[in-house]
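Visitor: I am new to reading structures, and I would like a close look at a single part rather than a quick tour of everything. Could you take one helix and walk me along it slowly?

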Amino acid sequence: MGLGGCIILIAAGAILTFATDWDMQGVNLDLVGVILMIVGLIGVATFSSIARRRRVVMPPSTPVIEERPHHTQDGYHNGYGS
């Protein structure tokens, strides 16, 4: 379950707890809503701790500088059609 699923659980639990006044025989919807909100909060906490551990900080790499050999111009190899 990702972060979006946890947020949906929290929202559904809040709706059941605070925004509805349905009465079902044998089911306390307020308690079901509170349970959904708690499960959603546990999921958010778990997701954030796992995401924090996955974040790996790589040290900056040192730049690689390629050196080309220096050519001397001796008249025969001056780069013009040689």
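**A close look along helix α1**

Guide: Let us begin at T17, which counts as buried because its relative accessibility is 15%, below the 20% under which a residue is called buried. This is a predicted model, and every value that follows was computed from it. T17 has its place in helix α1, and its side chain takes part in two polar contacts with backbone atoms: at 3.4 Å it reaches the backbone oxygen of D30, and at 3.3 Å it reaches the backbone nitrogen of V34. If we leave aside residues up to four places away in sequence, T17 touches D30, G33, V34 and M37.

Before we move along the helix, it helps to see the setting. The protein has two helices and zero strands, and helix α1 covers residues 3-19, while α2 covers residues 29-54, with a loop between them. Of the 82 residues in the protein, 13% are buried, so T17, with its 15% relative accessibility, belongs to that buried part. The protein exposes about 7500 Å², and carbon and sulfur atoms supply 62% of that area. Among contacts with a separation of 6 or more, 50% are between residues that stand 24 or more positions apart.

Now step back along the chain from T17 to G13, which also lies in helix α1. G13 is buried, because its relative accessible area is 0%. Setting aside residues up to four places away in sequence, G13 touches G33, L36 and M37. G33 and M37 are also on the list of residues that T17 touches, so it is worth finding both of them in the picture while you compare the two positions. From G13 you can also look across to G40: the two are 27 residues apart in sequence, and their C-alpha atoms are 8.6 Å apart in space.

Further back, I7 is in helix α1 as well, but I7 counts as partly exposed because its relative accessibility is 49%, which is between the 20% and 50% limits for that class. Together with L3 and F47, I7 makes a nonpolar surface patch of about 250 Å².

G5, another residue of helix α1, is likewise partly exposed, because its relative accessibility is 27%. The C-alpha atom of G5 is separated by 9.2 Å from that of V44, although the two residues are 39 apart along the chain. V44 serves as a landmark for G2 too, which is found in the segment before α1: here the C-alpha atoms are separated by 8.3 Å, and the residues are 42 apart along the chain. G2 counts as partly exposed because its relative accessibility is 35%.

Finally, let us return past T17 to the other end of the helix, where T20 has its place in the loop between α1 and α2. T20 counts as buried because its relative accessibility is 18%, and its side chain reaches the backbone oxygen of L16 at 2.9 Å. Taken together, the walk has passed from G2, G5 and I7, which count as partly exposed, to G13, T17 and T20, which count as buried.

Key
Residues numbered from 1 in each chain as written. Predicted model: local features only at pLDDT ≥ 70, side-chain atom pairs only at ≥ 80, totals over all residues. Heavy atoms only, no water. Helix = DSSP H or I, 4+ residues; strand = E, 2+ residues; numbered from the N terminus. Buried < 20%, exposed > 50% of the residue type's maximum accessible area, 1.4 Å probe, protein only. Polar contact = N/O pair within 3.5 Å; in protein donor to acceptor, adjacent residues only side chain to side chain. Patch = residues over 30% accessible without salt bridge, like charges linked within 9 Å, V, L, I, M, F, W, Y side chains within 5 Å. Areas by Shrake-Rupley, 256 points an atom, 1.4 Å probe, with all protein chains shown as cover. Salt bridge = Lys/Arg side-chain N within 4 Å of Asp/Glu carboxyl O. Contact = heavy atoms within 4.5 Å.
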